[in-house]
Structures are given as structure tokens and as C-alpha cells.
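Subject: Structure handover, with notes on its pockets

Dear colleague,

I am passing on the structure below, followed by some notes on its pockets.

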Amino acid sequence: LALAGGEKVTATLPVKEYREDRFIIMATKKGLIKKTELAAYSNPRQGGIIALGLESGDKLIGVQLTDGHREILLGTKQGITIRFKEEEVRPMGRMAYGVKGITLEEGNDVIGMETITPDSTTAILTVTEGGYGKRTRVGEYRIQGRGGKGIVAMSVNDRNGKLVASFPVEESDQIMLVTDKGQLIRCPVEGI
């Protein structure tokens with residue numbers, strides 16, 4: 001893939017077949033969410049094809065493959081998370097910018113997006129730049145309408161720092177945290 005100046009790969013999705021009943025969900029740092037039919041990407045060009053229109057200062061945060069009936073969680077650096085039904089996002093063309101997934105306050109950005117099944121018993125692990133983590137059952141995040149303000153997932157303060165990651169985990173998982181200076185620690189999720 002020939003990348004333009006300043007462009008970086010954000011995500012990879014393994015796909016065996018371009019089924020008509022599958023969708024790609026994308027989220028941006030400014031809180032936009034976009035849903036496109038997977039089949040729209042079945043004929044790539046050598047230089048790639050545009051998957052999402054982006055406004056100046058915005059960037060792609062996450063990409064997930066879905067069946068059209070999942071729930072979406074968006075987490076922000078200020079510790080806010082919103083959960084809404086995927087059906088609230090209509091499918092749109094590749095060139096579209098998307099629709100508002102979460103209403104952000106000034107200075108807040110989306111740092112993560114996940115899709116879950118409606119009956120999920122998974123927990124969401126939030127991690128701060130200060131190295132603190134918190135595990136919360138998905139059921140504790142009430143379902144809201146797309147474009148809402150979300151709820152507090154984790155306190156952001158001088159001790160904790162801002163959120164840097166938010167992702168689903170199972171109790172049997174282990175996680176690895178890597179600092180910007182290359183120090184690594186591995187720990188079991190059940191201890192969090």
C-alpha cells in the first residue's frame with residue numbers, strides 16, 4: 001500500500017470472503033462513527049481505495065468487522081465511555097465522513113472503539129497513561145442513543161493521567177503493557 005506523507009496503518013482486518021451480510025465499523029478521534037458494507041471493499045486498486053473521509057485534524061482510531069447486530073463502545077481520553085446499538089448507524093458509502101457517535105467536550109478525543117454482542121459478559125479494561133487499570137463489566141455501561149455524552153468509565157486526575165486504552169478482556173486473559181521507553185510488564189487480568 002502506497003502511503004501518503006504522514007499517513008500510517010491504523011488497523012488490519014483478516015477477511016476470508018466479502019459477504020453481503022457483513023459490515024466494517026470505523027471510529028475517529030473526533031467521535032465520528034461510520035458503517036460500510038464489507039462488499040464495498042471487494043475490488044481494491046493497487047494504490048488502495050478511500051475507506052473514510054476525514055476532516056482536518058481528525059484521524060481513524062479503530063476498525064471492526066461486524067454482522068450488523070452488535071453494540072458499539074467508544075472510550076475517550078477523559079475517561080468517558082458510550083455504549084449504543086449498531087443499528088443506530090446506517091450503512092453509508094466509502095467516501096462518507098460518518099455520523100456522530102459521541103458528543104465530546106472541548107479537549108477530549110476518542111482513544112478506542114470496540115464492538116460487543118448484546119449479551120456479552122465481557123469486561124472492559126481501561127488503562128491510564130500513569131499505569132493504572134480498571135476492569136468493568138459491560139453491563140455496567142448502560143445503553144444510550146448514538147451521539148450522547150456517555151458516562152464516566154474511570155476517573156482522570158493528576159495521579160492516574162488520561163486514558164490511553166480501552167478494550168474487552170476475559171478473566172483468563174493476560175495483558176502486556178509497554179511504556180514509551182520500551183519497558184514491558186505482563187500481568188493476569190484477574191488481578192485487576
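How many nonpolar, polar and charged residues does the lining of the largest pocket have, by class? That lining has 21 nonpolar, 5 polar and 3 charged residues, where Ala, Val, Leu, Ile, Met, Phe, Trp, Tyr, Cys and Pro count as nonpolar, Asp, Glu, Lys and Arg as charged, and the others, Gly among them, as polar.

Please note that this is a predicted model, in which local features need pLDDT of at least 70 and side-chain atom pairs count only at pLDDT 80 or more, while totals for chains, interfaces and linings use all residues. Residues are numbered from 1 along each chain as its sequence is written, and side-chain values use heavy atoms, with hydrogens and water left out.

The largest pocket (an open set of points on a 1 Å grid over the protein atoms alone, where a 1.4 Å probe fits, with protein on both sides within 12 Å along at least five of seven lines) has a volume, the space filled by probe spheres set on points joined across faces, edges and corners, of about 1200 Å³. It is lined by 29 residues (those with an atom within 4 Å of a point), of which L1, T10, A11, A51 and L60 are the closest to its centre. Two strands (DSSP runs of E, at least two residues, numbered from the N terminus), β1 (23-28) and β3 (60-66), are the elements that give two or more residues to this lining, and β3 gives the most, with 3 residues.

The second largest pocket holds about 420 Å³ of space, and of its 20 lining residues the closest to the centre are V127, T128, G131, L177 and V178. The largest share of that lining, 4 residues, comes from β12.

Best regards
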